[in-house]
Structures are given as C-alpha cells and as structure tokens.
Amino acid sequence: MTDSRMAEPFQGLCVAVDQTRPIPLAAEFACQPGELLALVGPSGSGKTTLLRTIAGLYRPQSGRVACAGDVWFDAEGKHSLSPQSRQVGMVFQDYALFPHLTASQNIQLPLRHLAQPQRREQAEQWLAKVRLEGLGERYPNALSGGQRQRVALARALARDPKVLLLDEPFSAVDQVTRRRLQRELALLRQQIDIPIVLVTHDLEEASALADQICVLHNGVSLQQGTPEALFSRPSSPLVARLLDRHNLFEGVIVEVEGERRLQWGESCLEVADGLNGLPLGESVTWYLPPSDIVLHRRDRPSQGERENPITATVSELVVLGGITSVSLRANHGDMLRFDIATHAARRNQLTCGAVVNVSLLAAGIHLMRGHRVRADAHDKRK
C-alpha cells in the first residue's frame with residue numbers, strides 16, 4: 001500500500017499480512033485513531049481471519065501488525081505479542097457472553113485488576129453509556145438480542161482497548177434493532193478515539209458507518225478509500241461488482257474535432273477527467289454512478305440535458321416503495337441502471353417500452369484503464 005497512512009510513525013492501526021496457505025492472504029489496510037474502517041467482501045474473503053490476526057488469535061506466515069505506535073506482530077522479526085498484551089476489544093458475531101454471569105459481571109471480566117467496588121462502579125458507568133441502566137443484574141437469557149449486543153460492546157470497551165474489532169455485530173438482530181444499534185454505535189464513537197474495524201456484509205451499513213472501506217476478495221485487499229470515493233471511483237470492474245455497482249461498459253478513445261472523446265456505441269461522450277494522454281483507439285472500461293444519470297423531464301428542460309444526451313428504451317421498472325429502479329437499454333444494447341423517486345417515475349410516465357432521453361454527466365464518468373469487464377461477471381445485455 002502506497003497510502004501515506006502506512007508510513008511510520010503511525011498512531012493508528014496498520015495491518016499488512018501475506019501468506020499462501022492454509023488461507024491465502026495478501027491484505028493491507030490502515031485505520032486512523034477515531035476512524036471506523038469497514039472490511040467488506042463475500043464470504044471466504046478473509047475478513048474474520050484478519051480480525052483474528054489483529055487480535056493475536058491467528059498468526060499468518062508473513063506480515064506486520066502495528067497499533068498506537070507499538071508493533072504487535074512482525075513475522076520477519078519473529079515478534080508476536082500475546083492476545084492479552086494487545087489490548088484489543090472484540091465483539092463477536094454471537095456476542096460470546098458468559099450465560100452464568102450477569103450483564104454487570106460480564107462487563108467486569110476485563111476489570112479484574114481493579115478492586116471489586118471499582119469494578120462494579122465502572123461496569124455501571126459502561127451500562128449507562130450503552131443505555132442499559134438498571135439491567136446490570138440480568139443474565140444474558142433475560143436480555144434481548146440488541147441488549148446482549150450492547151453488553152458485549154460495553155465489555156469490549158471496558159478494558160480500555162487500543163483498537164475495537166466488530167465481527168458482524170448487528171447480524172443477529174432484526175432490522176429495527178439493527179438501525180437503532182447502528183445509531184448508538186455512531187453516538188458512542190464520539191466518546192472513544194481509537195481505530196474501529198467493522199466486518200460486515202451489509203454495504204449500506206458500511207457506507208453509513210464507515211470513514212473508510214477496504215474491499216477484500218479471496219484474501220486480497222483490492223482498494224481502500226472513503227465510501228464516496230469507492231462508490232464513485234472503483235479501481236476495477238471486480239471492485240465495482242463486489243460493491244454491487246452496475247453501469248460498467250466498454251468504450252474506445254477517439255478524437256472528435258480535435259478533442260478526445262469516449263466512443264460508446266453510437267455516442268461520443270465527453271469525459272471531464274482521464275482522457276488526456278490516452279492513445280487513440282485504446283479500449284477502456286468505464287463506470288458511471290447512477291446519481292450521474294439525469295432523466296430529462298417531459299414537461300420542461302432538465303439541467304444538463306445538453307451534456308452527453310442519450311436516447312434509450314425503458315427495459316425494466318421495479319417499484320420498491322418510494323424508490324423505483326429503472327433499467328434503460330441503449331440503442332447498441334448496453335443497459336443503464338439508476339433509481340428515481342416513484343412519484344417522479346409516474347410524473348414522467350415511465351413505462352416498459354417507453355423511449356426516454358437521459359444525460360450522462362461528464363464529471364461522473366470514471367475510466368478504468370487496463371481493466372476489462374468480464375463477460376461472466378457483467379449482465380449488461382441481460
């Protein structure tokens with residue numbers, strides 16, 4: 001990773017691991033104090049293994065883990081701190097609470113170095129911070145899933161960790177509870193200034209909570225960046241697919257009246273950035289975020305309608321409450337996808353088979369030189 005955050009000295013979390021077996025890994029990422037980094041990727045991509053590596057529960061063949069200016073693991077130097085010495089707070093997917101201990105007693109476990117009265121006092125303080133005042137004497141089986149999750153979070157933070165690791169902490173609760181817990185985690189973050197690493201399969205959750213997202217595939221870290229950067233500028237078609245992005249196409253660099261353009265089917269598109277320096281005739285993969293597709297209103301001109309105007313046919317409409325997902329087929333067969341408010345779709349009389357005009361905003365077109373869309377991974381002609 002060439003990111004400057006990997007440079008020393010670094011007070012956040014810095015991870016670089018590499019091995020060929022038994023679990024292939026080639027991952028690097030960094031997380032600043034106070035940041036939340038989400039590790040996303042399909043099952044089997046190594047997310048939980050990387051959390052275990054940080055915690056000292058798994059030792060890779062090669063690599064380095066440093067946090068808060070201290071080296072926790074260095075394979076080359078044959079140095080590895082024990083899990084107890086790393087001061088890691090971890091919330092497991094199943095919470096891992098001791099059923100024979102009360103909520104307060106579970107939180108007191110990492111506080112055994114203190115006198116009993118201090119342990120009880122700090123446990124009560126943490127119960128208050130996670131909004132469980134008065135429930136300290138309840139056993140886990142008398143708590144709801146959301147309450148058990150908050151006890152696990154309080155226990156993880158009670159040991160004054162240097163990093164907080166969350167392994168799909170909201171997966172075992174219902175949607176309403178999940179949203180409430182996500183909000184509480186966002187509020188709790190304001191009180192702690194340590195790196196937080198969240199493993200999740202939920203891209204909406206990652207986008208809402210994370211300052212940084214690291215995309216993993218088969219144990220390899222493909223790209224790290226802010227949610228906005230990743231969702232608008234994926235580094236490759238594979239990253240785009242893993243982030244559930246559509247609107248990936250092939251184009252060719254051409255020249256029109258002395259200006260570089262991107263030929264896509266019958267259209268020669270203006271691109272705000274990235275065309276200069278590319279040789280004429282070169283094929284490139286390009287991506288367009290759905291938010292940069294502007295539907296021209298039928299009743300009045302739309303802003304930007306002169307920018308890369310395209311005529312297309314409505315191929316599919318899927319109404320999901322207040323949002324309608326629209327699929328448009330361009331004249332040469334490629335499919336454009338975007339979402340629109342359902343009331344706007346009705347106002348514009350969008351129906352399957354209707355011919356519409358849209359603009360593809362030049363600033364949104366992202367070129368991925370050297371990459372091609374795999375035929376088996378892209379359904380543009382579906």
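Taking buried to mean under 20% relative accessible area and exposed to mean over 50%, the loops, sheets and helices of this predicted model can be walked through one at a time.

A handy place to start is E257. With a relative accessible area of 81%, E257 is over the 50% cut-off and therefore counts as exposed. This residue sits in the loop between β12 and β13, and its phi is positive, near 50°, even though E257 is not a glycine. Most residues other than glycine have a negative phi, and most peptide bonds are trans. Q349 makes a similar entry: its phi is about 55°, again positive in a residue that is not a glycine. Q349 belongs to the loop between α9 (342-347) and β20. At 54% relative accessible area, Q349 clears the 50% mark, so it too is exposed.

The peptide bonds offer an entry of their own. The bond from R21 to P22 is cis, with omega near 0°. P22 is found in the loop that joins β1 (13-19) to β2 (25-31).

Now for the strands on either side of E257. Strand β12 (residues 248-256) and strand β13 (residues 259-264) run antiparallel to each other and are paired over 5 bridges. One such pairing puts V252 across from Q263 of β13. Both strands belong to an open sheet of 5 strands, ordered β14-β13-β12-β15-β21, with antiparallel pairing. At the edges of that sheet are β14 (267-269) and β21 (366-368), each of which pairs on one side only. From one strand to the next, the twist averages 45°.

There is another open sheet of 5 antiparallel strands, this one in the order β16-β20-β17-β18-β19. Here the edge strands, paired on one side only, are β16 (293-295) and β19 (335-341). The twist again comes out at an average of 45° from one strand to the next. Within this sheet, β17 (residues 309-320) and β20 (residues 355-360) pair in the antiparallel sense, with 5 bridges between them. I310 stands opposite V358 of β20.

Between β20 and β21 comes a loop that holds G364. The relative accessibility of G364 is 2%, which is under the 20% cut-off, so this glycine counts as buried. What does G364 touch, leaving aside its neighbours within four places in sequence? The contacts are with R233, Y287, L288, P289 and D292. Compare the position of Q349: G364 and Q349 are 15 residues apart along the chain, and their C-alpha atoms are separated by 26 Å.

Turning to the helices, α3 (residues 116-129) has 14 residues, which at 1.5 Å a residue should span 20 Å; the end C-alpha atoms are 20 Å apart, in agreement. Its buried residues are R119, A123, W126 and L127. Looking down the axis of α3, these buried residues fall within an arc of 105°, so they line one face of the helix. An α-helix has 3.6 residues a turn, so residues three or four places apart point the same way. The cover over the buried residues of α3 includes α2 (103-108) and α4 (145-158). After α3 comes R131, with a positive phi near 60°.

Helix α5 (residues 175-189) passes the same kind of check: 15 residues at 1.5 Å each should span 21 Å, and the end C-alpha atoms are indeed 21 Å apart. At the start of α5, a side-chain oxygen of D174 comes to within 3.1 Å of the backbone nitrogen of V176. The buried set in α5 is made up of T177, R178, L181, Q182, E184, L185, L188 and R189. Viewed down the axis of α5, these residues fall within an arc of 165°, so they line one face of the helix. And which residues sit on the face turned away from that buried side? V176, R179 and R183 do, and they are exposed. On the buried side, the packing partners of α5 are β3 (36-40), α3, α4, β8 (163-167), β9 (196-199) and α6 (203-209). Helix α4 thus turns up twice, as it is also part of what covers the buried residues of α3.

Methods:
Residues numbered from 1 in each chain as written. Predicted model: local features only at pLDDT ≥ 70, side-chain atom pairs only at ≥ 80, totals over all residues. Heavy atoms only, no water. Helix = DSSP H or I, 4+ residues; strand = E, 2+ residues; numbered from the N terminus. Expected span 1.5 Å × (residues − 1). Buried < 20%, exposed > 50% of the residue type's maximum accessible area, 1.4 Å probe, protein only. Arc of directions from axis to C-beta. Contact = heavy atoms within 4.5 Å. Pairing = 2+ DSSP bridges. Axes fitted to C-alpha atoms, helices over the stretch in contact; angles between N-to-C directions. Polar contact = N/O pair within 3.5 Å; in protein donor to acceptor, adjacent residues only side chain to side chain.
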